[in-house]
Structures are given as structure tokens and as C-alpha cells.
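Q: I have a model open and would like to learn how to read its cavities. Could we go through it together?

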Amino acid sequence: MKNMMKWAAIVLGVLFGLALLAGLALYPIGMEKLTRLYPDIPVEAAKIPGDPDAVARGRHVATIWACTTCHGANMNGMVLVDDPIEGTIVASNLTSGKGGVAGSYTNTDWVRAIRHGVKPNARAEVLMYDYSTMSEQDLGDLIAYMKQLSPVDSDHPATRVGPIAAIAPVVGLSTVTAETIDHRAPRPADPAPGATKEYGRYLAAICVACHGSYAARKLDGWKQDDFIRAFRTGVAPNGKRLGPTMSSKTFSEMTDMELSALWLYLRGVPPLTLQK
């Protein structure tokens, strides 16, 4: 028995040592990814409307594209992670209040940050969804909404990347959005809004951010009415409550047309070939 415990301790010690060595080797690689500069991104011009309808629609875009999930309902940011090992990851205050960025952001800065995942100082956003496929109209309306946000003061700590957060993009547990985007790719034509598979494919970028290629598989046995009702009520057809993300305003504030389009696309795509 003592020999078994001794050998178990040795094996665990060796495994711990190997894990530590692997971490020491991967950490600088991850930090290079997270601190890489993107100074030569060709930031395209965007038409920023100023009418009330565009601003109202921009608020809707901010909700269904999950901007408010990280930055808060008032867009004044929040601390997403605060851990000695993971680090301190902060979603910026996007208003013009104290600690916010809106007061200094130009239209070009907004486009670079949203569509390319890169800050005005040319560094990548540490944590950012891929919004590179966002349409011209949605992007313009979203920026119009951001620019008129009421100022909210904040005193968030600075983002600090811990060992886990640094290693995660190296081993495939997370991605640096700016690294995965083809910044010089031609812009696709804006999809025509409607209850169509084509428009659903566009909206599915929201699902892919978390589910990857497995979103459609989770809908086996569902009907379209089930799909829409689930996001309206936060309850799946089997009576179980959806998780906090799926029952959030990101989906509950989608219109019936948007949810129908998303359903038509997801049901027509094999689970392992869901397009990004």
C-alpha cells in the first residue's frame, strides 16, 4: 500500500512538473498573441446615420449582438474575470463618462474596434466576439447608438492577463479575434432582412461565437414554434430553463422575423458544417 502511494505521489509530481514546464513554455507564446500590434489594418469608412430611428435600431443591434452582455445595459463596462490565475479581464466603459472611451473615439476607432477587434493603439482586444461580418447598416446604426449614449462614470481596474488567460489561446481554449479575422477581405453585400435562410446565416454569427459548429445539433426534436417560444420564455420544450446566456436579452429581444430566420438557417445546416 505504501509503495502504491509512493508511486502515485511520484507520478503526480512528474505530471505537475510537466504541466508547469508546458505552462512556462506556452505563456510567452500566448502573451505574444495577446499583445501583438495590428498597425496597418485598412479600416473602411462607415456611414453613421444620426436619425432617431437609426439610433433606436442601433440599441437593438447592441442587444442582439450581445454587446450589452459584456459591457452592461448602460454600456459602462464591467469586470468579467478577476482571479489571480486567470487575471483581470475588463469590458470597457463605452460611454463618454469618466473612465469611458467614447469621448476620444473617432468613427474610424469605432469601426476598427467593432469590425476588426483592434483598439486605437493597434493592440488587439483581449476578449471580443467576431463582428467582422456585421453588415454596413447594422454597424452604422450601432455606432450611431454608441455615440449618443448617456455618460456613465466608472472606475474599473486595468485589464491584467494572468497565466491561464495567456495560455488559453495557445491551446485552443479561446481565440484572439483580431488574429482570426481576414482584415483585408472584401466586404460582403448586406443581407436583406427577412425570414429567410440567408438572413438566418448572417444572424447565426451570434450563435457560432459560443456554440461553434454544434448549434444546430442542440435543436434536434424542436419545432419552429418551440424555438421562438423558448427564447421568449427562457424555457426549452422539455420544460427545462435555458442557461443565462440563452435566456438573456440577446435572444429574447430578437423579433419573430429574426428568430424565424435563425431557425430556418440552423435547421437546414448539418450540425458539423455550421458556417461562420
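**Reading an enclosed space**

Q: Before the cavities, what is the secondary structure of the protein?
A: Happy to start there. This is a predicted model, and its secondary structure comprises twelve helices and three strands. The protein has 276 residues, and 40% of them count as buried.

Q: What share of the contacts in the protein links residues 24 or more positions apart?
A: Taking contacts with a separation of 6 or more, 71% are between residues at least 24 positions apart.

Q: And how much accessible surface does the protein have?
A: About 15,000 Å², with 59% of that area belonging to carbon and sulfur atoms.

Q: Now the inside: how many cavities of 30 Å³ or more does a search find?
A: The general idea is that rolling a probe the size of a water molecule over the atoms shows where empty space is left. Here, a search of the whole structure turns up one cavity of at least 30 Å³. The largest cavity has a volume of about 40 Å³.

Q: Which residues line the largest cavity?
A: The lining consists of Arg57, His60, Val61, Ile64, Trp65, Asp138, Tyr199, Tyr202, Leu203 and Glu258. Two elements give two or more residues each to this lining: helix H2 (52-64) and helix H8 (197-203). Helix H2 gives the most, with four residues.

Q: How does the lining of the largest cavity divide by class?
A: A good thing to check next. The lining has six nonpolar residues, three charged residues and one polar residue.

How values were computed. Residues numbered from 1 in each chain as written. Predicted model: local features only at pLDDT ≥ 70, side-chain atom pairs only at ≥ 80, totals over all residues. Heavy atoms only, no water. Buried < 20%, exposed > 50% of the residue type's maximum accessible area, 1.4 Å probe, protein only. Contact = heavy atoms within 4.5 Å. Areas by Shrake-Rupley, 256 points an atom, 1.4 Å probe, with all protein chains shown as cover. 1 Å grid on protein atoms, 1.4 Å probe; cavity = no way out; pocket = protein on both sides within 12 Å on 5 of 7 lines; lining within 4 Å. Points joined across faces, edges and corners; volume = space filled by probe spheres on them. Nonpolar A, V, L, I, M, F, W, Y, C, P; charged D, E, K, R; others polar.
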